[in-house]
Amino acid sequence: MPTIEVDADYDAGAKFYDSEMRRAAKEHVCCECGTKIQAGERYEHVAGKWDKVEVFKTCSLCAEIRNHFSGGGFCHGSLWEGVHEYVYGNFYSKTIEEVAEVSSWLDGLSDEAKKEVLRRYEEEYVRHDMDPF
Ligand SMILES: [Zn+2]
């Protein structure tokens, strides 16, 4: 199971941390990808208290991908940054086709989640390719 290195809290250090899957009664925005969680869709609702009480809403796709990648812990809102770092660390300069062939790091994810990770990889890869350092 791949692990994203993060320097963040998760439930460690939280005075309380409560996570559950809910069905949206109204529209929310995913704290990871920024897309809308429509009423009726399932999403992850987290309430925790660090310095103050905070609430994080995560769409089911991001929640699945986070569960897959975060072995040690994570910081809400940094999922995709972490995935990109993982991908660049392991697959730098590989094409999308080559990355897709290294399937083991995506094992266990749903097809939809795999597609999303690869779509974002392609997006980043192409963007960086066009705009080199
Ligand atoms: Zn999301």
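User: Across which strands does H1 lie, and at about what angle does H1 run to E5?
Analyst: This is a predicted model, where local features need pLDDT (the predictor's confidence in each residue, from 0 to 100) of at least 70, side-chain atom pairs count only at pLDDT 80 or more, and totals for chains, interfaces and linings use all residues. Residues are numbered from 1 along each chain as its sequence is written. Helices (H or I, at least four residues) and strands (E, at least two) are DSSP runs, numbered from the N terminus. H1 lies across E4 and E5, and its angle to E5 (between N-to-C directions, from 0 to 180 degrees, with axes fitted to C-alpha atoms, for helices over the stretch in contact) is about 100°.

User: In what order do the elements of the protein chain run?
Analyst: The protein chain holds four helices and five strands. Read from the N terminus on, the order is β-β-β-β-β-α-α-α-α.

User: What is the mean pLDDT of the protein chain?
Analyst: A pLDDT of 70 or more is reached by 82% of the residues, and the mean over the protein chain is 82. Over residues 4-9, however, the pLDDT is below 50, although in the model this stretch has 19 contacts (C-beta atoms, placed from the backbone, within 7 Å) beyond near neighbours in sequence. For the protein chain, the mean is again 82.

User: Which strands stand at the edges of the open sheet?
Analyst: The sheet consists of three antiparallel strands in the order E1-E4-E5 (strands pair if DSSP finds at least two bridges between them). Its twist averages 15° from one strand to the next. Each edge strand has a single partner, so one of its sides is without a neighbour in the sheet; the two are E1 and E5.

User: What is the bridge partner of Ser19 in E4?
Analyst: E1, residues 16-23, runs antiparallel to E4, residues 42-49, and eight bridges join the two. Phe16 has Lys49 as its bridge partner in E4. For Ser19, the partner in E4 is Val46.

User: How many residues of E1 are buried?
Analyst: A residue is buried if 20 or more other C-beta atoms, placed from the backbone, lie within 10 Å of its own, exposed if 12 or fewer, and partly exposed in between. By this count, buried residues make up 20% of the 133 residues in the protein chain. E1 lies largely in the open, because the number buried among its eight residues is zero.

User: Why does Phe69 count as buried?
Analyst: Phe69 belongs to H1, residues 60-69. H1 is mostly covered, with seven of its ten residues buried, among them Leu61, Ile65 and Phe69. The C-alpha atom of Phe69 is 9.9 Å from that of Leu109, 40 residues away along the chain. Phe69 counts as buried because its C-beta neighbours inside 10 Å number 21.

User: Which helix gives the most residues to the largest nonpolar core?
Analyst: This core (buried Ala, Val, Leu, Ile, Met, Phe, Trp, Tyr and Cys residues joined through C-beta atoms within 7 Å) has 16 residues, and those with the most contacts inside it include Cys59, Ile65 and Leu79. H1 and helix H2 (79-91) each supply at least two of its residues. With five residues, the helix that gives the most is H1.

Methods: Two residues are in contact if their C-beta atoms, placed from the backbone, lie within 7 Å.
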